[in-house]
Every structure is written in C-alpha cells, then in structure tokens.
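I opened this entry to record what I looked up in the structure. Short notes follow the display.

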Amino acid sequence: MAPVTSLASTVDQRIADALSAALPEAGSADPLLRRSDRADYQANGILALAKKLKGNPRELATRVVSALTAPGLIEEIEVSGPGFLNITVADRAIIETLAARAADDRLGVPYAERTGTTVVDYAQPNVAKEMHVGHLRSAVIGAAMVEILEFTGERVVRRHHIGDWGTQFGMLIQYLIEHPHELDHNADTSVAAGTSSTSVVSDTSDTSDTSVVSVEDGETAMTNLNRLYKASRALFDSDEEFKARSRDRVVDLQAGDKETLALWQRFVDESKIYFYSVFDQLDMEIRDPDIVGESGYNDMLEETCRLLEESGVAVRSEGALCVFFDDVKGPDGNQVPLIVKKTNGGYGYAATDLSAIRDRVGNLNASTLLYVVDARQSLHFKMVFETARRAGWLNDEVKAVQLAFGTVLGKDGKPFKTREGETVRLVDLLGEAVERATAVVREKSEKIGLSEDEIVTNGKQVGIGAVKYADLSTSAARDYKFDLDQMVSLNGDTSVYIQYAHARIRSILRKAGDTSPLAHPELSLAPAERALGLHVDQFGEVLAEVASSYEPHKLAAYLYQLSSLFTTFYDQCHVLSDDNPRDLVENRLFLCAITARTLKQGLALLGIKAPERL
C-alpha cells in the first residue's frame, strides 16, 4: 500500500494553501504547525507574516480562515490571541487515517528508497580483551540506528571496526608458540570466522553468515584469552629474552609471516567466539562479513600516507607525518597535529581511520559515514574528518557524522565501576539485569498463569530490554546513571512500562473473543480516544525525524508517551463493558490493536522484544 499522510501534514498543507490564497503577496509561507494543549494543533506562522507584511495579525488570520477549505478534515478553527490559529480535526478524520495505517503492514510509514548508502560503524570490541560496560552504548545505539534507517528506506552497510592489530599481539603470539595448547577447547566450540581479517571485506552481498554462540562457550573463550594474556604479560615483564622474542614476533606479524598470521588469526577467532556470545545475550545480530577490524586496512596504510603527503594535506614534522589545524592547540598555544605516521615508521590510528574512509567511500559507495563512537574521541574524529575533506575523500556528496555518546555512570554519578573499583564486565551486568527482571516477571506471573518457560523467556526479554531502553531513552550525548532497580520498574519511563502496556492490550484483544477490532469513523470520540489516536498517527513523522537527526531517544520518548496515553484511555474508556454498544466496543478494540502494533514495531526498531503476556 501507499504510505499514509499524517493528519498533521495534511492540516499543515491545507493551512499553507489557505495562506497562499488569502495572502498571495506573502509567497510560500510556513504555517508553523505544532501540537497544542488548547486544540489539536496550533499554527503560529501568521505572526511572522504580519510583521513582514506590516499588517494586523488577527485580521490576516481571519482572512486565512475564510480562505480555508477542508471539509471532513477540520472540525473547528478559531483565531486566538494575537493571531494564532487553533485547529481541531474531525473525529472521522482521525479514525479514517488510522484505518488506512492499520491496513498497511508498515503502519503507513513511508519507505523512501534512497540512492545513497550509509555505513554505520558501531559495536567495536577489542580482540583478546573482555567487553565491559563501556562497550554497551556503541552497540545498543548503533544497532537501533541501523534498524531505523533500514526501516525508513536507507541502504545500510554495517561495519564493526574491532581492535585486532597492535604490538601486544607479538607477546601473545610468542607465548602461544611456546605454549601451543593454551587456546585448545572442544572442537564444537567454533565460530564461522574463516574469512581472514587481513584484507578488506567490501562485498556485503552475503548476509547469512551469522554466528550464535552459547554463553558458556563465550566464557570459556574469554577465560582462555585472559589466562594467556596474564601469563604472557607476566613473562614479558620478567624475562628479557622472551621480551626480545616477542618484539621480533611483532616484526614478523607486520611483515606478513604466514605462521605468525595464522596464530594471530586464532586470537581473532577465539575472540569472536566470545564476542558472539555477548552480542547473543544482547539479542543483537552481528554478521561475520561485517567485521572489518583495524587489520583490514593494513594494505592501504602506506598509500593513504603517500596520497596525503603528495597532496600537501600532511607534512613532515620532526620525522612524523602530520596534519595541522588552526583551531586545535595545546595548553602551550602550539598546534596539536593529527599524527598519521610516527617518527619510527609506525602508523597511528588516524592512518587506519582515514584508510577506512577511503574504502567505505571508494568500494562501498557510501554517501554517509555514521560513527557511533564515545564523545571522548570527538576531537580525534573531527581532525580525521577534516583531513579526509582536505584530501577530497569527503565532500558535498559524501559526509561523515559522529554520533557521539556519553559515559555510563553508577548511582553515585561517577563512572560505573565494581565495588573493587574495576570496570564492570558486560556479561555480569546483563546477567544481573535478566536475573532482576525474571524476579519481577515471576512475582507478577501468578495472576496470569505463566509457565516456567514463559517466565524465563520474558525475564530475558524484559531484562535486556530494560538495559537497552535505559541507554536509548537518554540523549546519546549525555551521560546516564545505570540503576537496575529503576530500569526493571513497572512505573516511570522504562521499557517494562511500555512492554506491560503492549501485553495489557494483547490481553484485552484475547478477552474480546469473537468481537474483532473494527474502525467506525461515524462515531464520536472521547478526549482520551482522540489523544491516543492523534499520537499513534505521529509514528511515521517521529521515525523520519529520528532517521535524519540520528536521535533514537526521540523514538523512546514517543513510545513512552504512547503507553501513557493508552493507560489514560484504558482508565477512562471501558473497552469490553457490557453497557457499550457493539460498534463502540469494536472501535475501541481497533484503537487498542493499532496501538499495540505501533508499540511492538517501535520497540523492535530499538532492539526490544514485546512479550504477548506479562
């Protein structure tokens, strides 16, 4: 079906047409329509027009009202205050618009197929290192933006820029050579990671390579890696001969020695077993072809440096290849450069990030590069993006954007740590969230008779949903406090509140028996019905705004408000009352049904499940 035009857009267009008819000298004018607590909508644009035309705003507003033709759409329009237009739409228009949405699998949300490609860089753990709470935000925010962009018609390529290269691998590989069984475990604990990360993976046609690994296998893999890292570090710090051998192994790795690369790949594959188990806990799909780590751009680094130097974008400074910026200075007032190649010939992070831009623009035909990265890296990416623009890799047709996010804090407002002051392991955090949520679900389960399997399943969906929603309901740029007690609460701005609203609606629809949801545009609507219907109608507009501004918290806010409006509707408008005529019951069931669909779809775009019973 064709997308459904929202009531707000339709009213806005009718007011704009009336403005042009009544005030042709004003040209094309924006009515500045917004939701209002005095009516359904308020148009404020006439005030600015009156100033421009040197006219009386109330008189101009009256002329606009006289020129307005909107039969069946606008129930009432009045001139208010200095020249505002307060607009109330017809009950029939609300239900007819919602009925059109209900008839569409996408709830009438436009699918604006675009010609460009957006590459989203998110969920970037480090090989041979444990994932902690700091890895949560990039994964959750990035996954939500991927879903929202794809749903609204964007062609998206996922990229997971894992940290899989560096001097520490010399130490790890050398220790593994001398202790060859340290990474051994059961043969069935494996990951579909056969594609070596030593070359850029630009072909995204294969989307089937998704690996699901158990939590136990992931824990085993991480235990092996932690044990090996600690043992190799202790030997490196205490044995000068082993330290020398480790440094020689770094040279072999960078030179592409086959044996060394094969062992390095074992660390990458072992880490992927662990990564996949954590992402599976997060109910998040990570596909192997989308993982292109730092090593994936090794073959491009020297050429990137050459192109920057030949074009004059980068210059030599004290033996290093650097890019300077007038507005980036240190405390001493001297310019702080972006170091692309170090004095010793090693490559900095900038060389890898710039090579990734070249690959994504040149090979993936990206028109937008979206980096979901910690706000503390903002200066680095500002310098990288500006360097890429100077080099011509970014331009008016190709843009790069950092979706910067803040820090996860504890209840005390300080960076989230364990009682011992250590970084919180992500698997522990997720496990506790599921445990707390399962307890809440179990407590409520007696009333509705959930089975043990349903309690366990719902506990995971509620717990993981709570963690994701707490992150996504906060503006990404802001820090937020991680408070599990509040996260799994049935009250307040939580995913549990939204999930419960959805489950309550599903219960109402089951209790309705043979009475089906059916729109009745001929009926008058109660205030709570109108408020609910008008908010449901905004779903597509909210998604369009979120997709263009990269602000998933606005979708979370929309869903929370929708749940709140449904609660008011439920309290004030009895749905299945025996005193209600059948057409009223059917119409209210219709409002319930489309609200449930909107909640479920909205939560799905945030990566959150909506249980049928809760």
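These are my notes, taken element by element.

**Model.** I am working from a predicted model.

**Helix H1.** I started with H1, residues 7-22. I checked the length against the rise. At 1.5 Å a residue, its 16 residues should span 22 Å, and the end C-alpha atoms are 22 Å apart, so the two agree. Next I listed the buried residues of H1: Leu7, Ala8, Val11, Ile15, Ala16, Ala18, Leu19 and Ala22. I then looked down the helix axis. The buried residues of H1 fall within an arc of 165°, so they line one face of the helix.

**Helix H20.** I ran the length check on H20, residues 582-605, as well. H20 has 24 residues and reaches 35 Å from first C-alpha to last, close to the expected 34 Å. I asked how many residues of H20 are buried. The count is 18 of 24, so I note H20 as mostly covered, taking buried as under 20% relative accessible area. After H20 I found Gly607, with a positive phi near 85°.

**E10, H12 and E11.** I moved on to the strands. E10 (residues 368-374) pairs with E11 (residues 399-405) in the parallel sense, over seven bridges. I picked out one position: Val373 stands opposite Ala404 of E11. Then I traced the connection. E10, helix H12 (residues 378-391) and E11 make a β-α-β unit, and I logged its hand as right-handed.

**Val313.** Where does Val313 sit? I placed Val313 in the loop between helix H10 (301-310) and strand E7 (315-317). Is Val313 buried or exposed? Its relative accessible area is 11%; the cut-off for buried is under 20%, so Val313 counts as buried. I then looked for what touches Val313. Leaving aside neighbours within four places in sequence, Val313 contacts Leu308, Cys322, Val323, Thr387, Arg390 and Ala391. I also took one C-alpha distance: Val313 and Ala388 are 75 residues apart along the chain, and their C-alpha atoms are separated by 9.1 Å.

**Cores.** I finished with the nonpolar cores. The largest has 153 residues. The residues with the most contacts inside it are Phe267, Phe279, Leu429, Phe482, Leu555 and Phe569. I followed up Phe267. Not counting residues up to four places away in sequence, Phe267 touches Val127, Phe169, Leu172, Ile173, Leu176, Leu183, Leu225 and Leu228. Apart from the largest core I noted another, of 31 residues, among them Ala314, Ala366, Met383 and Val384.

Key:
Residues are numbered from 1 along each chain as its sequence is written. This is a predicted model: local features need pLDDT of at least 70, side-chain atom pairs count only at pLDDT 80 or more; totals for chains, interfaces and linings use all residues. Side-chain values use heavy atoms; hydrogens and water are left out. Two strands pair if DSSP finds at least two bridges between them. Helices (H or I, at least four residues) and strands (E, at least two) are DSSP runs, numbered from the N terminus. A crossover is right-handed if, with the strands pointing away from the viewer, the path from the first strand over the helix to the second runs clockwise. The expected span of a helix is 1.5 Å times one less than its number of residues. Buried means under 20% relative accessible area, exposed over 50%, partly exposed in between (1.4 Å probe, protein chains only). Contact means heavy atoms within 4.5 Å. A nonpolar core is a set of buried Ala, Val, Leu, Ile, Met, Phe, Trp, Tyr and Cys residues joined through side-chain atoms within 4.5 Å. The arc is that of the directions from the helix axis to the C-beta atoms.
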